[in-house]
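The exercises below are meant to be worked with the sequence and the model side by side. Each task is followed by a solution that proceeds step by step.

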Amino acid sequence: MAEIAAFLRAQATFYRERFRTVESRIKQEGFTPDPIFEHQRGGLLIAFLPDRYTAWCMRKAAESLNAAARKDALPLDVYGADIFHSTISDYRTADGFVDDEPHRLVIDELAPVIRQAVVALPRITRNHCAIGYRRRLLCNQTTVIAPGEPSEEWLIIVERIIERCLDAGIPLREPWGAHMTLARFHDACLPSQSGGFLRAAAAIKLDVTLCPRFIGLGAFTCTTRNGFRVEWRHRIRLR
């Protein structure tokens, strides 16, 4: 319990410092483009995938964000239902990333390592992995997220995957939180355009628990033209 308590404290600090305290700056400076679009950032992705109901809830929230953005002509890239995920880690992330055959081979190498790590865990641990989404959405100058509160079993699974991948010579970074990203800004907008959107986002409060059935492995790419895209290549059953 001590480890999950420490994780939740660190996550709460991140939510506060990177999102809640930044919202006042948005009213003064407006929204800014997420650098991942300009730099065409991409990489390999390992993530918990939402079940149908969670995906539906996230899609309804994203639709409300999109409506608010269109009302004020904001340059917002809203995620689709096939993109929603809660990141476990990423790998070989780089500017100008190209989703090519060598990277696909790396994904194929990762899949059995992660599958074995998951299968070796007790079924009760896998069955109790969960993330609660029960707070209002959070915005900073580039991104809108749904803040999540994970269970202890979530942390056990994440740590086991990272540990087993490191044993296989694949170092992965640890996640800072159990959030889901819903949208990113791909261009700047004036402070005068932000008020209505911030009020709309603050009014969206989710009430859903993600009990992931699958872990997805794939590659993500980001461009101003196409937005944030993910191609899932493997789905590893969790429960």
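**Exercise 1.** Which strands and helices do the buried residues of H5 pack against?

*Solution.* The model is a predicted one, and the reading begins with the helix itself. Helix H5 covers residues 101–119 and has 19 residues, reaching 28 Å from its first C-alpha to its last, which is close to the 27 Å expected at 1.5 Å a residue. The next step is to pick out its buried positions, which are His103, Val106, Ile107, Leu110, Ala111, Val113, Ile114, Ala117 and Val118. Following the contacts of these buried residues then gives the strands E1 (42–49), E3 (86–94), E10 (214–223) and E11 (227–237), together with the helices H6 (123–127) and H7 (152–167).

**Exercise 2.** Determine how the rings of phenylalanine 31, phenylalanine 185 and phenylalanine 197 are arranged, and where phenylalanine 197 stands in the largest nonpolar core.

*Solution.* Ten aromatic pairs are found in the structure. In one of them, the ring centres of phenylalanine 31 and phenylalanine 185 lie 4.0 Å apart with their planes at 15°, and since planes under 30 degrees apart count as stacked, this pair is stacked. The pair links distant parts of the chain, for phenylalanine 31 sits in the loop between helix H2 (23–29) and helix H3 (35–38), whereas phenylalanine 185 belongs to strand E8 (residues 180–185), 154 residues apart. Both phenylalanine 31 and phenylalanine 185 are buried.

The second step takes phenylalanine 185 with phenylalanine 197, whose ring centres are 5.7 Å apart and whose planes meet at 75°, so this pair is edge-to-face. Because phenylalanine 185 lies in strand E8 and phenylalanine 197 in helix H8 (residues 194–202), the pair ties together parts twelve residues apart in sequence. Phenylalanine 197 is buried, as is phenylalanine 185.

The last step turns to the core: of the 74 residues in the largest nonpolar core, Leu65, Phe197 and Ile215 touch the most other members. Leaving aside residues up to four places away in sequence, the contacts of phenylalanine 197 include Phe31, Leu65 and Phe185.

**Exercise 3.** Is aspartate 34 buried or exposed, and which residues does aspartate 34 touch, not counting residues up to four places away in sequence?

*Solution.* Aspartate 34 is placed in the loop between H2 and H3. Its relative accessibility is 7%, and because buried means under 20%, aspartate 34 counts as buried. With residues up to four places away in sequence not counted, aspartate 34 touches Thr142, Thr143, Arg184 and Phe185.

**Exercise 4.** Examine two of the salt bridges, asking for each where its partners lie and how exposed they are.

*Solution.* The structure holds 13 salt bridges. Arginine 59 forms one with glutamate 63, the closest N and O atoms being 2.7 Å apart. Both residues lie in helix H4 (residues 52–71), four residues apart, about one turn of the helix. Arginine 59 is partly exposed, with a relative accessible area of 32%, and glutamate 63 is also partly exposed, at 37%.

The other example joins arginine 134 to aspartate 207, with the closest N and O atoms 3.0 Å apart. Arginine 134 lies in the loop between strand E4 (131–133) and strand E5 (138–139), and aspartate 207 in the loop between H8 and strand E9 (208–210), so the pair ties together parts that are 73 residues apart in sequence. Arginine 134 is partly exposed, with a relative accessible area of 41%, whereas aspartate 207 is exposed, with 57%.

How values were computed:
Residues are numbered from 1 along each chain as its sequence is written. This is a predicted model: local features need pLDDT of at least 70, side-chain atom pairs count only at pLDDT 80 or more; totals for chains, interfaces and linings use all residues. Side-chain values use heavy atoms; hydrogens and water are left out. A nonpolar core is a set of buried Ala, Val, Leu, Ile, Met, Phe, Trp, Tyr and Cys residues joined through side-chain atoms within 4.5 Å. Buried means under 20% relative accessible area, exposed over 50%, partly exposed in between (1.4 Å probe, protein chains only). Contact means heavy atoms within 4.5 Å. Rings of Phe, Tyr and Trp (its six-membered ring) pair if their centres lie within 6.5 Å; planes under 30 degrees apart count as stacked, over 60 as edge-to-face and the rest as tilted. Helices (H or I, at least four residues) and strands (E, at least two) are DSSP runs, numbered from the N terminus. The expected span of a helix is 1.5 Å times one less than its number of residues. A salt bridge is a side-chain nitrogen of Lys or Arg within 4 Å of a carboxyl oxygen of Asp or Glu.
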